[in-house]
Number of protein chains: 6
Amino acid sequence: MTDPFFQPTSGMDLPRFAGIATFMRLPYVPFDHPRIGDVQIGLFGLPFDGGTSNRPGPRHGPRQMRDLSTMIRAEHPVTRLRPFEAARCADLGDAAPNPVEVNDTLDRFTAFARRLKSQGIRPLAAGGDHLCTLPMLRGIAAEAPLGLVHFDSHTDLFPAYFGGKTLTHGNPFRAAVDEGLLDPKRMIQIGIRGTQYDSADRDFAKAHGIRIVTIEEMFARGIPDVMAEARDIVGTRPTYMSYDIDFVDPSVAPGTGTPEWGGPNAFQAMQVVRECAGMNIAGGDLVEVSPPVDPTGGTAWLAVSLMFEMLCVMVTAL
Amino acid sequence: MTDPFFQPTSGMDLPRFAGIATFMRLPYVPFDHPRIGDVQIGLFGLPFDGGTSNRPGPRHGPRQMRDLSTMIRAEHPVTRLRPFEAARCADLGDAAPNPVEVNDTLDRFTAFARRLKSQGIRPLAAGGDHLCTLPMLRGIAAEAPLGLVHFDSHTDLFPAYFGGKTLTHGNPFRAAVDEGLLDPKRMIQIGIRGTQYDSADRDFAKAHGIRIVTIEEMFARGIPDVMAEARDIVGTRPTYMSYDIDFVDPSVAPGTGTPEWGGPNAFQAMQVVRECAGMNIAGGDLVEVSPPVDPTGGTAWLAVSLMFEMLCVMVTAL
Amino acid sequence: MTDPFFQPTSGMDLPRFAGIATFMRLPYVPFDHPRIGDVQIGLFGLPFDGGTSNRPGPRHGPRQMRDLSTMIRAEHPVTRLRPFEAARCADLGDAAPNPVEVNDTLDRFTAFARRLKSQGIRPLAAGGDHLCTLPMLRGIAAEAPLGLVHFDSHTDLFPAYFGGKTLTHGNPFRAAVDEGLLDPKRMIQIGIRGTQYDSADRDFAKAHGIRIVTIEEMFARGIPDVMAEARDIVGTRPTYMSYDIDFVDPSVAPGTGTPEWGGPNAFQAMQVVRECAGMNIAGGDLVEVSPPVDPTGGTAWLAVSLMFEMLCVMVTAL
Amino acid sequence: MTDPFFQPTSGMDLPRFAGIATFMRLPYVPFDHPRIGDVQIGLFGLPFDGGTSNRPGPRHGPRQMRDLSTMIRAEHPVTRLRPFEAARCADLGDAAPNPVEVNDTLDRFTAFARRLKSQGIRPLAAGGDHLCTLPMLRGIAAEAPLGLVHFDSHTDLFPAYFGGKTLTHGNPFRAAVDEGLLDPKRMIQIGIRGTQYDSADRDFAKAHGIRIVTIEEMFARGIPDVMAEARDIVGTRPTYMSYDIDFVDPSVAPGTGTPEWGGPNAFQAMQVVRECAGMNIAGGDLVEVSPPVDPTGGTAWLAVSLMFEMLCVMVTAL
Amino acid sequence: MTDPFFQPTSGMDLPRFAGIATFMRLPYVPFDHPRIGDVQIGLFGLPFDGGTSNRPGPRHGPRQMRDLSTMIRAEHPVTRLRPFEAARCADLGDAAPNPVEVNDTLDRFTAFARRLKSQGIRPLAAGGDHLCTLPMLRGIAAEAPLGLVHFDSHTDLFPAYFGGKTLTHGNPFRAAVDEGLLDPKRMIQIGIRGTQYDSADRDFAKAHGIRIVTIEEMFARGIPDVMAEARDIVGTRPTYMSYDIDFVDPSVAPGTGTPEWGGPNAFQAMQVVRECAGMNIAGGDLVEVSPPVDPTGGTAWLAVSLMFEMLCVMVTAL
Amino acid sequence: MTDPFFQPTSGMDLPRFAGIATFMRLPYVPFDHPRIGDVQIGLFGLPFDGGTSNRPGPRHGPRQMRDLSTMIRAEHPVTRLRPFEAARCADLGDAAPNPVEVNDTLDRFTAFARRLKSQGIRPLAAGGDHLCTLPMLRGIAAEAPLGLVHFDSHTDLFPAYFGGKTLTHGNPFRAAVDEGLLDPKRMIQIGIRGTQYDSADRDFAKAHGIRIVTIEEMFARGIPDVMAEARDIVGTRPTYMSYDIDFVDPSVAPGTGTPEWGGPNAFQAMQVVRECAGMNIAGGDLVEVSPPVDPTGGTAWLAVSLMFEMLCVMVTAL
């Protein structure tokens, strides 16, 4: 039985441009809400871009993504899945960052993720820059390392730079491996491309057995073949899905800070998520959406369309 | 004693760019909320532009105004009034329009306003086009006509056109006078300018005793003098304040559908509201904010800054 | 013999950025013009978006499309057809809408289309929202239902909503079938995708034998195969071509009110029209171009490029 | 008696966003039109920016100004003058430039202006860059030098540069004086400001007796006083009015290639034209509107509002 | 004698849109350049916005300001001062920030400022957010506290927040007073406005004798009177000038992160700097220019126009 | 041994958004610089669009491309080539145009190219419009005609128009063949599409043996097959590579003056250059980037990404 409380406001009752914007028009259920205990999948924002080495902006991502997400309807066009009926989903609000201190923010976000974990809520986060993934993993993977399916144009496996003491959005997955939050043998990174400073990331991947699929390989083999390998690598144990919007070609998703040309189109961008069907997704995020460099809001609209795809995969894993 | 429930989220706790956007970060209190009975001033949206004869867009006004309104802080810079401590304010959400039928929408909005009236909540609405003012007046002025202080570049006193059966945003105040919702002797319209089709509006004003202050007169006499007259005209009985953002010069507020050059600057735009101190404001609205023609969001930011000024006037009238 | 009167102004004589903008620089021939009787194909605008349930704007489509259309030259790059020499084409101006009343506008547009029909002019219309297709069909298909080749991300086969009395841009083809203006057995809808509220449209299609080709099927089979089926379905009898710009991927055509990700690219967007060669196109439209959400004007430029493709197909059917 | 042929399309009949855009919705009357002989004031475009030394774009000015001009209505808000009833006005289309050759374009524009002169049509031109003023003067002032009232942030009295053989938009008034087209004793330039290379322009002005009013002087004395002097200087003999949109502050008119901060606001921008009442305006232009650097179209909307003011002054001089 | 090496590239030689962009087309003279010892006034960037509590972006300010600054010419329009002939000015490049660590960046910028101090170069910096002022003061005022003339809509005298350990752009002047870098008795802050959280800043000002001039006072008294007071307060001893672009009204300078309505227009924005003539300006900065929220680049163009005014004041103090 | 002087500034030392923007952060080495004699490949701008027949803007291309180019890193993602270590590259600044005279500018640019030739520096130019290619060829191909690999949507093989005396951006390759600068038998033009005035270009190509590959042929055969033919045609003798950004689909590269729909995506846009590996590239250019019509800067970012690909091909030919 679907729970009426957890159903999104219908566009038939209130037009999609109207009303206070929550993720996919779901009810707002903060931690002190009486129904928090019933939430199975929590959508929330991580409005922080203090780990950004180039163009800032993703701190504004969650709000714009909420705005655009009111155009999402109830049913998946291909699978006909109706995720809001299949699982109790809610908008949990945003985790509060400290905009001027990276480490304090990481601690705040980690605490937020731990609280989700303790409530049995699977997270589906909207970034924020890619460093925001690290506290999510710290919060939910502390007991046992997770697998990772990672869509991105960058590996984010670099060592810290700019003096080296503080992490940036180029380092989260290296840190997560180092901290034992991810099992490198169950990690796959897809779509990698763009000019590079050096090979520090590839060396790290090779040393730990992390699988990197460049964009050239992805296009040469085709998405179904690559994603079959991805399903093999992550297997049936709990896996985290991290989707950096710069995986997608900048012509499709200009609203991001470090775009790299030559990525997938929108159909392919959704296809890779659909091909994750069957994975046991313990949590996920969609990061690096930067409204200030996206004059039409299209990037946020794509991002929430992808979050809907991710949600449909997560629901089937419950 | 200030009620903690009705205090806006502080930027010290959650940065201003973070969180679900409600008007001025106030709590969301829809009609079915347990605290609805305690609300004194209700902020809400009227997302409708079906009465627009030229460029549409104000249906998107309330959401963008909510977004920008999170930059409003607690205290007025001149009077030091802290309105959220002085009165219990809340975001009531949006009244639901029918985007394809003007009359159905007017009925829906009227019912919404009646409900406010019956709850003893004073409305402060965010439009929507200027036709949205009419159902507000139908809802709260049915028993006794109100005075009107009206900032605009247009009188909106024209008869219906395009075939004549349906009202547009050029007609609300003529209709309101015809329906006995406004007392024409207690009406003042300030800032009028721009080319015209004919003199139908001025003839109507003259016939009913409505005071029109053109922009030339306003600049020649100065705002304090004009506003002293305005206070005389509306007196101490209940008065409605309607602020069309196109009162302000298009260089300041480009985000509107029918801009007319030669209006006040931002300081003057706020000054006229401050000069309403002492009026008995029974309700108000800020209309015609059109996000699609405002690339920076500045118009919405001005609009919510003006709503804060209006709120401060309303609070002192409680 | 080509008629000099009906030739577009050449960019050699007047640069393409100069001059009053008519569609494709064709002469302006309103109904009271002495040459109206010689026009074979009439290009005109339907500047109305009162049937729009989400983001408005297409009322501005015709003017921006005229502006961009001055970049169209005389000859098709592949077929070498010179359509303005092959048929007498003209810009008929815009049909006059009532911007605040849907039904009045439908009547006005129907009368406009009937007048074309009576003059023997085949219509090629620039919307306006998709509801504008209905009066075109009412005007030219009243005697005998037409076939339909329809490119779109939505079926527009839904029942009326928002209270149910007035049609929106989600209903035109359902209404047209119900009114006997289209022969459902000769209808094909291509490119359908995006999340849905429910299956009301698919149920209607199934009940009436309307062929729906989802975007997944289109990409899997390839455009030539799908379009061969389309030619079979519509056959050689008169057919209407309706092209909603949201058929195209939003990365290519962001300027529309209800975009859905995962559509064709620009090459494919033109290819589907080229593959209509041989159809007996009695009329067509290109709708849902919304300038306010298209910062570069690119969507209008694509739209008029597609209208040129449509025109080349129409010309060969004369 | 007003001539119905020369009346603009009313917004009551065709909404202002609809229809083919001509200047102020006037009829299009090219030189080969049967009514050309009746035109008293001709509005037309000079789409050329080949004399631009900094940022190009004004070649696109006329088309965007036509688009925005459909928001102009019939009656002046202060004087109640109805110019389209007081004089027979028409849109003459654009003079054809050669976009890659300055001198050829100047010859073409001069021929266009001569033709107007020979037809007894007073020109009101939309630029184009400021060099376009020179061929207007060559066309209409060849027999007798005109006075000049000139609103601008630059004097445009510099000698040619970049090698020195070809004129730019920094030279038209020096050339016009040198060619005997303007009477320097009857010239006034108002609003001059901005950093400078050298004093070549001021030296030329001093040598010829041209009156320069800097923006500091204008604000210190007030517009009425300055304009009284302007009326004295130009007297009652035929005078040309040239309005460079960069006279206005860039916050009001960002859409221009060489903006200088510290100019008048929109009210003042219109006021200076209104204060020209009584001058014998033989022709005028509004130049340097550059759509590519004006994201909202506001500059063009101001420009056509100013052209309406200019037209009202011209009409009273007939 | 003017030194040819230190003269900007003339627009007569290389058009202003051409060439590598340095500040005002000055030569690039980094610390390792042989002419560094001859520089009197150094223009440079502080590309950091890690202290920003609301909307980021000023890290991009210096580059955009360089780009727009190529429109600055050689001579002041009112005083006729030619600053690049009066003093040896150069572009020193940018001080290198650590974009993810506030304190490390403050140390780097302080070292940069110390190096200037030791070289005898007076700094004129382009921010960056307002926190960047603090390391400038640490670098040049360590020996003796400076006076301050400060144009802003905010006092930036608040205590640290978001947990309290790290400074933000709301704290620099409080920190500078606490650290003895500024003499509070010789400080004046002009233009203060906007809603507030609390009175912590005013309390601090009162306790230390810092003069705050609200925007209401500034407009009531007039700029000449206020600036006469400013000259009295700072006296003839060395003074720092800090100009936050949000001093200016957001209609004029939308490109900033925390705009407040009701500020001065562009003429007044320049006027306040001109009225500083005679002050002994030991250094200055122009901060908070945020390109991502400024679609036209106009804010940067105003900012560099103001830097030119500041430079003219600084030059006369040498 | 790599020369430290010629290494780009690392993003590790100075973040990519910081510092004065040179091409790819290379050192600025004008002709009077002591290291000019060591430069092997010179990057520079040709800021001129006076040959543009439609929408101007490419004069601003070099500066914006420099700005975006600071996001280029050291190493090619596929070949792992590090071009700045493999060859001594530098930014030479811009060649100075005369913005108001086409022929004078062509002479200036030709002299610039000759100087490069005489210094033994291979040019990699950033346009400017496509007419800028002609003086490059005049400068470096005067002694012996070059082969040409040309990516574009237009052949640019038309005769002069607009009166016929001056060249435009539609004529450079016809002129180059006529002047003996290109060997038509070693010319290939790839990606041709869009409506046409007439067949003058194809007739010229046929008469001279120039190979034209339409976009339809390119997509039908596939890029590897087409590029194999290209390598055959140009052979191993010196060849010029000219890349018009309008080769790429306008959805990817909107920032150009004459876009034509249906071109390659970003991956393919880079792929065609990579497939030029092995060609003996004597020089190249990337032209027609028009910042005023590119609101995100994405087109310039793609353009410099393509210049990096071109550079990697050029380096291997040294």
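Modeller: Two residues are in contact if their C-beta atoms, placed from the backbone, lie within 7 Å, and by that rule the contact between chain B and chain A takes 23 residues from each. This is a predicted model, in which local features need pLDDT of at least 70 and side-chain atom pairs count only at pLDDT 80 or more, while totals for chains, interfaces and linings use all residues. Residues are numbered from 1 along each chain as its sequence is written, and chains are lettered from A, with ligands numbered from 1, in the order in which they are written.

Biologist: What makes up the side of chain B that touches chain A, by class?

Modeller: That side has eleven nonpolar, five polar and seven charged residues, where Ala, Val, Leu, Ile, Met, Phe, Trp, Tyr, Cys and Pro count as nonpolar, Asp, Glu, Lys and Arg as charged, and the others, Gly among them, as polar.

Biologist: Why is a two-fold axis the right description for chains A and B?

Modeller: The copies are superposed by least squares on the C-alpha atoms of residues with pLDDT of at least 70 in both. A turn of 180° with a shift of 0.0 Å along the axis lays chain B on chain A at an RMSD of 0.0 Å, and that is the relation of a two-fold axis. Ala21(B) comes closest to this axis among the residues of chain B, with its C-alpha atom at 3.6 Å.

Biologist: How do you know whether chains A and B meet through the same surface or through different ones?

Modeller: Of the interface residues of chain B, 100% are also interface residues in chain A, so the copies meet through the same surface.

Biologist: And what relates chain A to chain F?

Modeller: Here a turn of 120° and a shift of 0.0 Å along the axis lay chain A on chain F with an RMSD of 0.0 Å, and the two copies are thus related as by a three-fold rotation axis. Ser251(A) is the residue of chain A that comes closest to that axis, at 3.6 Å by its C-alpha atom. Only 14% of the interface residues of chain A are also interface residues in chain F, so these copies meet through different surfaces. In this pair, 22 residues of chain A are in contact with 27 residues of chain F.

Biologist: How far apart are the nearest C-alpha atoms of chain A and chain D?

Modeller: They are 11 Å apart, and the two chains do not touch.

Biologist: What makes the fold of chain A agree or disagree with a compact globule?

Modeller: For 318 residues the globule rule, 2.2 Å times the number of residues to the power 0.38, concerns the radius of gyration over C-alpha atoms; a compact globule would be near 20 Å and chain A has 18 Å, which agrees. Of these residues, 67% count as buried, a residue being buried if 20 or more other C-beta atoms lie within 10 Å of its own.

Biologist: Why are β2 and β6 of chain B said to stand at the edges of the sheet?

Modeller: The open sheet runs β2-β1-β3-β8-β7-β4-β5-β6 in chain B, with parallel pairing; strands are DSSP runs (E, at least two residues) numbered from the N terminus, and two of them pair if DSSP finds at least two bridges between them. β2 (89–94) and β6 (211–214) each have a single partner strand, so one side of each is left without a neighbour in the sheet. Within this sheet, β1 (residues 41–46) and β3 (residues 122–127) of chain B pair in the parallel sense over six bridges, and Gly45(B) stands opposite Ala126(B) in β3(B).

Terms used: A residue is buried if 20 or more other C-beta atoms lie within 10 Å of its own, exposed if 12 or fewer, and partly exposed in between; C-beta atoms are placed from the backbone. Helices (H or I, at least four residues) and strands (E, at least two) are DSSP runs, numbered from the N terminus.
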